[in-house]
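Visitor: I have a protein model to look at and would like to be led through it slowly, one question at a time.

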Amino acid sequence: RMLPRGWRRLAVHRSMSGDPSARRIIQLRRLLTPSVSLFKTSGLSTQPDEWLSIGGVRIKLEPPKHPELVPRLYVKTPPSQTVLRHLQWMLQKDALGQDMFLIGPPGSLRRRLALNFCELTGRELEYIALSRDTTETDLKQRREIAGGTVRYLDQCSVRAALEGRVLGLDGIEKA
């Protein structure tokens with residue numbers, strides 16, 4: 001009879017606990033193989049009825065149309081309680097269909113929270129770093145001349161609105 005995956009791993013770990021090289025191999029295997037826990041390590045929904053829940057807030061995960069736009073390797077296990085509380089709040093907002101605007105002290109916490117959220121939920125992200133040199137054209141549409149004809153290319157904010165993606169505006173306090 002097969003034991004659940006975590007039990008088998010725990011049994012192997014206990015039998016090899018004296019050998020340092022075996023412990024290192026077990027640690028590497030944990031890092032390289034996806035684990036089923038509170039967080040999905042891949043961030044992508046591969047099953048039709050897959051759910052993510054944090055602290056009683058539960059949302060259904062949908063597979064992304066463009067998986068290359070889903071952030072990778074931002075979820076740390078185990079996350080701190082502060083990060084879990086923020087992610088729970090973000091899941092509540094997402095479940096209600098409300099927009100989010102993350103405000104906080106200088107640093108990368110807001111960006112990392114947004115990337116964590118997108119990775120966990122499998123949401124596609126359009127990202128732009130704003131500065132004083134960012135213009136309206138950089139946010140909306142850019143006009144290009146190609147082959148003697150003029151064409152307009154949608155920029156990240158327009159693509160996010162049209163495709164239902166998350167829009168990350170970094171540095172909005174500086175613009």
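## A guided reading

Guide: In this predicted model, the protein has 175 residues, and buried residues make up 25% of them.

Visitor: What pattern do the helices and strands follow along the sequence?
Guide: The secondary structure of the protein comes to six helices and six strands. Read along the sequence, these elements follow the pattern α-α-β-β-α-α-β-α-β-β-α-β.

Visitor: What share of the contacts with a separation of 6 or more is between residues 24 or more positions apart?
Guide: A contact here means heavy atoms within 4.5 Å of each other. Taking the contacts in the protein with a separation of 6 or more, the share that joins residues 24 or more positions apart is 56%.

Visitor: What average confidence does the protein have, and which stretches have a pLDDT below 50?
Guide: The protein averages a pLDDT of 80, and 75% of the residues score at least 70. One stretch with a pLDDT below 50 has 15 contacts in the model beyond near neighbours in sequence, and this is residues 1-17. Another stretch below 50 has 35 such contacts, and this is residues 34-46.

Visitor: What volume does the largest pocket have, and which residues are closest to its centre?
Guide: The largest pocket has a volume of about 790 Å³. Among the 26 residues that line this pocket, those closest to its centre are Met100, Phe101, Val166, Leu167 and Gly168.

Visitor: Which elements give two or more residues to the lining of the largest pocket?
Guide: The residues of the lining divide into 14 nonpolar, five polar and seven charged. The elements that give two or more residues to this lining are helix 3 (81-96), helix 4 (109-121), strand 3 (125-129) and strand 6 (166-170).

Visitor: How far apart are the end C-alpha atoms of helix 4?
Guide: Helix 4 has 13 residues, and at 1.5 Å a residue the helix should span 18 Å. The model agrees with this expectation, because the end C-alpha atoms of helix 4 are indeed apart by 18 Å.

Visitor: What covers the buried residues of helix 4?
Guide: The buried residues of helix 4 include Arg110, Leu113, Phe117 and Leu120. What covers the buried residues of this helix includes helix 3, strand 1 (51-54), strand 2 (57-60), strand 3 and strand 6.

Visitor: Which residue is 6.7 Å from Gly122, C-alpha to C-alpha?
Guide: Gly122 follows helix 4 and has a positive phi, near 70 degrees. Its partner lies in the loop between strand 2 and helix 3, and counts as exposed because its relative accessibility is 53%. Although the two are 59 residues apart in sequence, their C-alpha atoms are 6.7 Å apart in space, and the partner is Pro63.

Visitor: Is Leu73 buried or exposed?
Guide: Leu73 is found in the loop between strand 2 and helix 3, and its phi is near 65 degrees, a positive value in a residue other than glycine. The cut-off for exposed is over 50% relative accessible area. Leu73 has a relative accessibility of 78%, and therefore counts as exposed.

Visitor: Is Gln155 buried or exposed?
Guide: Gln155 lies in the loop between strand 5 (149-154) and helix 6 (156-163). Leaving aside neighbours within four places in sequence, Gln155 is in contact with Thr137, Asp138, Leu139, Lys140, Gln141 and Arg142. Buried means under 20% relative accessible area, and Gln155, because its value is 15%, is buried.

Technical notes. Residues are numbered from 1 along each chain as its sequence is written. This is a predicted model: local features need pLDDT of at least 70, side-chain atom pairs count only at pLDDT 80 or more; totals for chains, interfaces and linings use all residues. Side-chain values use heavy atoms; hydrogens and water are left out. On a 1 Å grid over the protein atoms alone, a cavity is a set of points where a 1.4 Å probe fits but cannot get out, and a pocket is an open set with protein on both sides within 12 Å along at least five of seven lines; lining residues have an atom within 4 Å of a point. Grid points are joined across faces, edges and corners, and a volume is the space filled by probe spheres set on the points. Helices (H or I, at least four residues) and strands (E, at least two) are DSSP runs, numbered from the N terminus. Ala, Val, Leu, Ile, Met, Phe, Trp, Tyr, Cys and Pro count as nonpolar, Asp, Glu, Lys and Arg as charged, and the others, Gly among them, as polar. The expected span of a helix is 1.5 Å times one less than its number of residues. Buried means under 20% relative accessible area, exposed over 50%, partly exposed in between (1.4 Å probe, protein chains only). pLDDT is the predictor's confidence in each residue, from 0 to 100.
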